[in-house]
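Okay, thanks for squeezing me in. I'd like to walk you through one small corner of this protein and then step back to the fold, so let me put it up on the screen.

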Amino acid sequence: MNVEEEVGKLKEEIQRLGQQQPDGSYKVKFGVLFNDDRCANIFEALVGTLRAAKKRKILTYEGELLLQGVHDNVEITLLPPPAVAAA
């Protein structure tokens, strides 16, 4: 799987596990993602995929590197898709 595919799958998993916010974003705690069996089977390097998505401004979270246990309560926010301009 390439990085774009992994980021796409990560978006799906955050939508599955997270809570939708009024602005269209989704929020999920790192521990929920990290400890989910389905995510564990999909992502070889969840932290690396999160960093790649953050770099692409698809999601945001506090800090640079998330570690299991220490950062389980860090909230990851999947940003809403950009609004499509009216033609």
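Let's start at R38, which sits in helix α3. One thing before I go on: this is a predicted model, so please hear everything with that in mind.

So, is R38 buried or exposed? Neither, quite: R38 is partly exposed, because its relative accessible area comes to 44%, and the cut-offs are under 20% for buried and over 50% for exposed. What does R38 touch, if we skip residues up to four places away in sequence? The answer is E13 and R16. Take E13: R38 and E13 are 25 residues apart in sequence, yet their C-alpha atoms are 8.5 Å apart in space.

Now slide back to D36, in the loop between α2, residues 30-35, and α3, residues 37-42. D36 counts as buried, because its relative accessibility is 15% and the cut-off for buried is under 20%. And which residues does D36 contact, leaving aside its neighbours within four places in sequence? Those are E13, R16 and L17. So E13 and R16 turn up again: R38 touches both of them, and D36 is in contact with both as well. With R16 there's a bit extra, since the side chains of D36 and R16 make a polar contact of 2.5 Å.

Okay, zooming out. The protein has four helices and four strands, and from the N terminus the order is α-β-β-α-α-α-β-β.

On the strand side, let me follow β4, residues 75-78. Strand β2, residues 26-29, runs antiparallel to β4, with four bridges joining them; V28 stands opposite I76 there. Then β3, residues 59-60, also pairs with β4, again antiparallel, over two bridges. In that pairing, L59 has L78 as its bridge partner.

Last bit, the overall numbers. How does the radius of gyration look for 87 residues? It's 13 Å, and a compact globule would be near 12 Å, so the two agree. The C-alpha atoms fill a box of roughly 45 × 30 × 25 Å along the principal axes. Of the 87 residues, 33% count as buried. The exposed surface is about 5,700 Å², with carbon and sulfur atoms supplying 51% of it. And if you take contacts between residues at least 6 apart in sequence, 49% of them join residues at least 24 apart.

That's my tour; happy to spin the model around for anyone.

How values were computed: Residues are numbered from 1 along each chain as its sequence is written. This is a predicted model: local features need pLDDT of at least 70, side-chain atom pairs count only at pLDDT 80 or more; totals for chains, interfaces and linings use all residues. Side-chain values use heavy atoms; hydrogens and water are left out. Buried means under 20% relative accessible area, exposed over 50%, partly exposed in between (1.4 Å probe, protein chains only). A polar contact is a pair of N or O atoms within 3.5 Å; within protein, one must be able to donate a hydrogen and the other to accept it, and residues adjacent in sequence count only if both atoms are side-chain atoms. Contact means heavy atoms within 4.5 Å. Two strands pair if DSSP finds at least two bridges between them. The radius of gyration is taken over C-alpha atoms; the globule rule is 2.2 Å times the number of residues to the power 0.38. Accessible areas come from the Shrake-Rupley method with a 1.4 Å probe; for residues, only the protein chains shown count as cover.
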